[in-house]
Amino acid sequence: MSNKRGKREIGEILGPYLLTVIIAASAMVFLILVWLLVGDNYSRNTNGNNVSAQTEQTGAVQQTTGQTAAGSQEQQPQTQTQPTEALGQTITEPEIADGSGRAGVMTLSEDMSSVSSKAGLYSNNIGTWYAPEDGYCYYNGWATLDGNRYHFDLAGYMDTGWTAIGGQGCYFGDSGIYDPDKDGSMLIALTFDDGPSKYTSEILDILEQNNAQATFMMVGTQVEKFGDIVPRMLQLGNTIGNHSYDHADMLSLSTDGVVNEFASVDTLLEQYGTTSKVVRFPYGSYTKELASATGKPHIYWDVDSRDWESRNTSAILEVINSEVEPGAIILMHDIYAETLEAVRTLVPTLIERGYEFVNIEDLAASKGYELKNGVTYFSFCQGSIEGGKVTDE
């Protein structure tokens, strides 16, 4: 009897607490079940969103890669690139290192970034570029924009005029649009040594009137006297060449002496905001080592007008008219009155025969050559053995 009463008394005492414990335990079990169900679903949704975002990013990269792979099957220079609508700030390499494939995408240079604000074409004092989105531009390859084909150089600027791309000559108009029908088969280059002089301005007048360009291989002592004409040469699209400071025979000088001869001319040209693009050794006396030491492309010639010898306008014209052929580099001197008179007749006459006068850079580019420092170039004639002779010997 006493044991039963004791148990009953304990049950009466603990009863209310047991109920509380049971209710609390049930609540905890319920919360755990809810967390397991809702929390796991939340975790799955969160992870799913992350995976989806990663997939989208990866997809964008794969799309860019896929476009490049597809383009590699096309023949050059027919490779085309459509502007990417949303690059996602993706930097891509050009399809082909020599620029004959699809253009790559890179961040804007400091000169460009101060101008660009959104996608589109932009220009500065250096050139024109295309920004597919703010902060980026195409470079070193082809791109098709609004149905027109363009080509961009290593710095991201649009090419114009004759450009050597993958060993081929390609022509782009002033607006940068590729013209596959441009005929470069009748191009020739006039080169003038020993100037400038009092006759050079009139020669420039003749070139301008006939939409012709030339290359002026200037001597430092003459630049000191007539250098003010250099800006006009550049404005008309002529190439500035270097013919040494005082026309010395380079074979009689040390390598340092040769370097100084050409460097001093560039120092003089800097006051006009330029330096020479090419060199020519006086008397044609050079060696492979000396040409390399100049650090510039070396230009020889194919047709010597011998104006320095005859000093006769008719004789000058006879030599050139009988020896000229497509791709030829013609040697003249803009320090003689007889040469000026010969040019007055020669330029329109040869244009009537179908020839087109361009500077030496354009002539080389039209044949697929990008002029390299220290290499000697001549004979870009169709009849030559290599179709454009280049020598480093």
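**Exercise 1. What does the protein average in pLDDT, and what share of the residues score at least 70?**

Solution. The model is predicted, with local features requiring pLDDT of at least 70 and side-chain atom pairs counting only at pLDDT 80 or more, while totals for chains, interfaces and linings use all residues. Residues are numbered from 1 along each chain as its sequence is written, and side-chain values use heavy atoms, with hydrogens and water left out. The average pLDDT (the predictor's confidence in each residue, from 0 to 100) is 83, and 74% of the residues score at least 70. Next, residues 38–87 have a pLDDT below 50, and this stretch has 54 contacts (heavy atoms within 4.5 Å) in the model beyond near neighbours in sequence.

**Exercise 2. Determine which residues of helix H3 are buried, and how they are arranged and covered.**

Solution. Helices are DSSP runs of H or I with at least four residues, strands are runs of E with at least two, and both are numbered from the N terminus. In H3, which spans residues 200–209, the buried residues (under 20% relative accessible area, 1.4 Å probe, protein chains only) are Thr200, Ile203, Leu204, Ile206 and Leu207. Seen down the axis of H3, these residues line one face, because they fall within an arc of 160 degrees, taken from the directions from the helix axis to the C-beta atoms. Their cover includes strands S9 (187–193) and S10 (214–218), together with helices H5 (230–235) and H10 (337–352). After H3 comes Asn211, whose phi is positive, near 50 degrees.

Methods: Buried means under 20% relative accessible area, exposed over 50%, partly exposed in between (1.4 Å probe, protein chains only).
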